Amino acid sequence: MAPPPPGFSPLAGAVAVAIAWLAIGLAGLIPAGNALIARRLAFPAGALAGLALAGFGLQAIWLPAARLVLPLGLPDLPFHLRIDALAGFFLTLLGAVAAGITIYAAGYFRKETAGRLALIALQYHVFLASMACVILADDAYLFMVAWETMALSSYFLVTTDHRLPAIRSAGFLYLLIAHLGALAILLCFGVMSGGEGDYTFDALRAAGLGPPGATLAFLLAFFGFGAKAGMLPLHAWLPEAHPAAPSPVSALMSGIMIKTAIYGMVRVIYDLIGGVRWEWGLLVLAIGAATTLFGVLYALVQHDLKRLLAYHSVENIGIILLGLGMSMLFMGFGHPAAGALGLIAALYHTINHAVFKGLLFLGAGTILHSSGLRDLNDMGGLIRRMPNTAFYFLIGALAISALPPLNGFVSEWLTFQTALQAPLLEHGVMRSLVPLFAASLALAAALTAMCFVKVYGIAFLGQPREARHATPAPGGGHDAGALERIGMAWLAAGCFVLGLLPGTFVQMLDRVSVSLSGGGLPAEALESSWLWLVPTAAEQASYSPVIFLSVIVAATLLAFLLVRGLYHGRVRYSDPWDCGYPERSSRMQDTADAFGQPIRHVFGPLYLMKRHLPAADDPAPRYSIKIEDRHWYLLYLPIARLAEFVSSKVGLLQRGRISIYLLYSFLTLIALLVFVR
Amino acid sequence: MHSLAGIAFQILQSVFVVLAAPLLTGWINQCRAWLQNRSAPSILLPYYTLAKLLHKDAVMARDASPLFRLTPYVLFGCMWLAAGIVPVLATDLPFAPAADIIALVGVFALARVFAALAAMDIGTPFGGLGARREMLIGFLAEPAMLMTLFTAAFISGSTQLNSIVETLAHRDLVIYPSLAFAGVAFLMVLLAENARIPIDNPSTHLELTMVHEAMILEYSARHLALVEWAVAIKLFAYMTIGVALFAPWGITEGGDWGGLPLALAALAVKLALAGAGLALIETLLAKLRLFLAPEFLASAFLLAVLGMLIHFLVRG
């Protein structure tokens with residue numbers, strides 16, 4: 001990351017990047033021969049701007065907060081901008097992850113037609129710029145404008161293939177839930193301002209709500225942002241919208257956009273409302289644990305790769321919420337150091353998830369582009385056709401499975417360490433509840449590992465399951481192109497950097513925590529060198545991924561050299577052993593549904609299953625299973641029916657005759673005259 | 001802490017574990033044979049098997065990917081690392097702070113994921129079957145193991161295996177009821193994670209029941225030797241974790257050469273008893289149907305969680 005030129009403050013830089021993104025998006029519209037600008041220049045330039053943004057964000061973490069007022073917007077209502085450590089951290093996340101995804105997108109969208117490409121480039125860069133503005137906003141007005149721009153631009157990106165009805169309905173569902181969330185956020189700002197009419201964040205911070213008002217604002221913010229984050233029970237849009245969008249857009253949405261909701265939660269709850277209460281933490285923990293387990297259990301029974309990844313986003317949002325909830329619990333009970341640890345764990349997982357989920361969605365995109373397959377049951381043996389993609393996908397899969405020494409492990413380790421601070425709590429019930437939430441996290445982590453063994457084993461390993469997919473379609477079957485590889489390699493490197501240098505990142509996040517709540521980690525934790533990660537004190541817990549990795553590599557190498565050196569290295573190649581049954585075919589391998597079968601068996605009551613079993617004498621037996629989310633039938637459909645019922649009753653008022661409408665106006669006037677007089 | 005003697009101790013312990021692990025396997029097999037009224041094989045049989053496998057030509061499926069070839073070495077490296085974390089002979093070793101109990105569980109998970117992936121690599125039905133069953137067992141055994149270790153961590157206020165062992169070794173003979181629960185849970189996890197009866201049977205190749213053996217069906221010669229060796233080290237590591245948590249007396253400190261003979265003798269006695277106990281359990285129990293395995297492990301998980309709650313109840 002190039003250091004920004006001197007005399008250029010991070011805030012000005014970040015604003016410049018946002019404007020640059022807008023300009024790039026507009027420049028793509030210029031109809032130069034076959035959308036030359038959008039095809040060749042827009043995305044690489046967007047990626048460079050992302051790198052610059054990451055640099056400015058990193059700088060801002062270490063600097064005091066800076067403000068800026070832009071005379072834009074409505075006449076009396078200028079835009080207020082502010083950058084502090086929290087905003088700096090999220091800008092770093094946005095810039096660094098967007099850089100990888102955007103350079104990938106440069107390769108991915110190359111074959112689009114000119115008109116579509118120009119439009120995608122515009123929506124894509126407006127989407128990026130709006131996310132930067134959400135993070136930079138310092139008043140409710142700009143925040144909501146940016147928030148809505150983000151929702152709309154991503155809606156258009158989701159419905160890129162709007163000719164398919166399934167994609168249109170997925171987009172509608174997304175828009176609907178996004179607006180329910182936005183409504184709650186708007187109400188939350190209203191509650192905080194208390195009718196004063198001043199919506200700058202400074203005014204909201206100074207409002208000093210009483211406990212009922214603060215709790216109301218908390219609930220509105222939690223559910224409003226939760227709808228965007230994909231938290232239970234507002235997650236329904238995620239598994240629909242992510243598969244519908246083109247893969248780089250899925251990566252952006254899952255990697256970054258749902259993180260802006262985490263940003264909003266932290267900003268509003270810790271910074272604007274302030275005075276965190278432990279009861280809030282309990283609610284966040286309960287919903288977080290439910291979201292985590294629900295997400296991973298539903299992911300395990302999916303066979304559409306992108307849907308599966310979307311359910312994992314739900315799970316990971318749950319893990320972030322677990323960290324946030326513990327942090328609120330500890331802060332509410334007056335343990336700022338443990339609270340800071342929880343916040344750091346949550347934010348660490350936020351950036352980790354952005355990196356590895358971005359990487360996994362890009363990998364899924366390459367599979368889709370190259371083989372046209374999205375259903376795991378059709379895949380198999382892709383490692384031979386696309387070794388590069390297989391390699392990067394493996395890193396992402398190991399990282400999300402929370403395996404050391406990659407990054408997913410670090411944040412789960414920190415979350416566990418937070419839970420292990422439970423003996424600090426004086427409240428007996430809470431003290432024994434917190435480890436239970438750690439248990440749910442442990443269960444989810446192990447289930448994730450199972451799920452990604454399934455994904456990787458079925459997609460990349462083994463043999464192609466279906467004869468008709470064994471040879472790629474004409475023009476397909478190739479590995480990722482150079483630009484796509486750079487994008488994936490960048491994010492894969494992120495998995496390693498975040499996994500191997502946790503000490504450095506924890507110091508950064510400690511700055512964020514101090515600037516938000518005033519509380520940070522104990523001094524002993526921060527004094528340790530970059531090699532070590534020490535959350536509280538060295539004798540309590542420590543972890544050194546660099547040493548860990550070197551020992552494991554050394555042991556593996558030593559074993560390799562010893563075996564190689566001492567024994568002859570002859571290898572004979574033959575067919576795999578057929579267990580004495582020569583009719584073995586590649587259709588006998590486990591499919592994705594088969595791999596998830598034990599989970600369906602163990603957690604059966606959780607799912608709504610429709611199974612089709614072939615009869616014994618069926619000459620062409622096909623087995624199919626459809627699994628649906630119970631939330632649809634218990635929550636969404638009743639509400640939809642209620643809405644239809646209410647609107648049908650309201651519809652009675654609409655007679656379609658002008659005289660009747662005039663009568664309504666007349667009656668209203670009479671009523672007003674009666675009351676106003 | 002990082003004295004030369006400490007490092008020498010660390011290396012000594014790591015080499016000791018790698019060399020001694022097959023002996024424990026041989027001892028358990030011998031005990032099982034005695035208990036089942038068979039004439040026992042030599043205690044050194046695992047070494048002979050390893051030597052035989054290392055000298056053979058490897059046969060590999062044509063479609064094997066690099067992942068398949070790499071996995072035996074990764075498994076061996078992971079288990080070796082695990083053996084370096086556990087205080088087998090001495091506490092306060094220089095490598096210990098680099099990884100705590102959560103990382104230890106992570107290493108086992110890493111090995112499990114690689115083993116399962118390698119099993120699915122060739123594309124035989126048995127490989128996938130074994131991988132699926134192994135992950136099914138793993139997803140419940142892993143959290144149960146973590147909760148067991150957390151109970152010990154709450155007692156000693158640390159997730160460093162070192163500090164835990166030191167706290168537990170230097171206590172007066174207090175009985176922690178929470179540790180009793182954790183102990184039972186740990187035993188159940190140990191049986192499941194090391195492919196022992198009642199979850200899996202290490203000496204069968206019957207397709208209806210095998211789990212671990214189904215995964216390594218395609219390995220031969222030196223690759224199989226490494227896998228088998230890694231299995232032996234894993235069992236050794238689990239047994240020594242059990243010893244460290246529930247019977248840590250007699251362990252020496254890093255760099256204290258005088259305490260070494262006593263520590264070695266204590267370890268030998270404890271492992272001999274534990275191995276005989278394991279053989280007894282395996283002889284007395286029958287293998288569970290596969291779908292009873294989740295119930296078995298879920299009870300282990302709940303026992304571990306109960307142990308943790310009891311710790312808070314008794315203390316508070």
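Start with chain A on its own and colour it by burial: of its 677 residues, 55% count as buried. Keep in mind that this is a predicted model. Now switch to a cartoon view, and you should be able to pick out 24 helices and five strands in chain A. The radius of gyration of chain A is 26 Å, close to the 26 Å that the globule rule gives for 677 residues, so the chain is as compact as a globular protein of that length. If you line the view up with the principal axes, the C-alpha trace of chain A spans about 100 × 70 × 60 Å. As for how the chain folds back on itself, take the contacts with a separation of 6 or more: 79% of those in chain A come from residues 24 or more positions apart.

**Next stop: a helix pair inside chain A**

Select residues 336-371 and 387-400 of chain A, which are helix 13 and helix 15. They pack at an angle of about 145°, with their axes 9 Å apart, and helix 13 of chain A passes helix 15 of chain A in a left-handed crossing. Show side chains here: helix 13 brings residues including A:Phe356, A:Leu360 and A:Gly363, while helix 15 brings, among them, A:Tyr392, A:Phe393 and A:Gly396. Sorted by class, this contact has eight nonpolar, four polar and one charged residues.

**Now bring in chain B**

Turn chain B on and select the residues where the two chains touch: 66 residues from chain A and 70 residues from chain B. Which elements of chain A supply at least two residues of that side? Look for helix 14 (382-385), helix 16 (407-419), helix 17 (428-459), helix 21 (545-566), strand 3 (571-574) and helix 22 (592-602). Helix 17 of chain A gives the largest share, 16 residues. Colour the side of chain A that touches chain B by class and you get 42 nonpolar, 16 polar and eight charged residues.

Zoom in on strand 3 of chain A together with residues 58-61 of chain B, which form strand 1 there. The two strands run parallel and are joined by four bridges. Click on A:Ser574 and you'll find B:Ala61 opposite.

**Last stop: A:Leu420**

Go to the loop between helix 16 and helix 17 of chain A, where A:Leu420 sits. Is A:Leu420 buried or exposed? It counts as buried, because it has 25 C-beta neighbours inside 10 Å. Draw a distance from its C-alpha atom to that of A:Pro435, 15 residues apart along the chain, and you should read 7.0 Å. Leaving aside neighbours within four places in sequence, A:Leu420 is in contact with B:Phe150, B:Ala153 and B:Thr159.

Note on methods. Residues are numbered from 1 along each chain as its sequence is written. Chains are lettered from A and ligands numbered from 1 in the order in which they are written. This is a predicted model: local features need pLDDT of at least 70, side-chain atom pairs count only at pLDDT 80 or more; totals for chains, interfaces and linings use all residues. Two residues are in contact if their C-beta atoms, placed from the backbone, lie within 7 Å. Ala, Val, Leu, Ile, Met, Phe, Trp, Tyr, Cys and Pro count as nonpolar, Asp, Glu, Lys and Arg as charged, and the others, Gly among them, as polar. Two strands pair if DSSP finds at least two bridges between them. Axes are lines fitted to C-alpha atoms, for helices over the stretch in contact, and angles run from 0 to 180 degrees between N-to-C directions. A crossing is left-handed if the near helix is turned anticlockwise from the far one by less than a right angle, and right-handed if clockwise. The radius of gyration is taken over C-alpha atoms; the globule rule is 2.2 Å times the number of residues to the power 0.38. A residue is buried if 20 or more other C-beta atoms lie within 10 Å of its own, exposed if 12 or fewer, and partly exposed in between; C-beta atoms are placed from the backbone.
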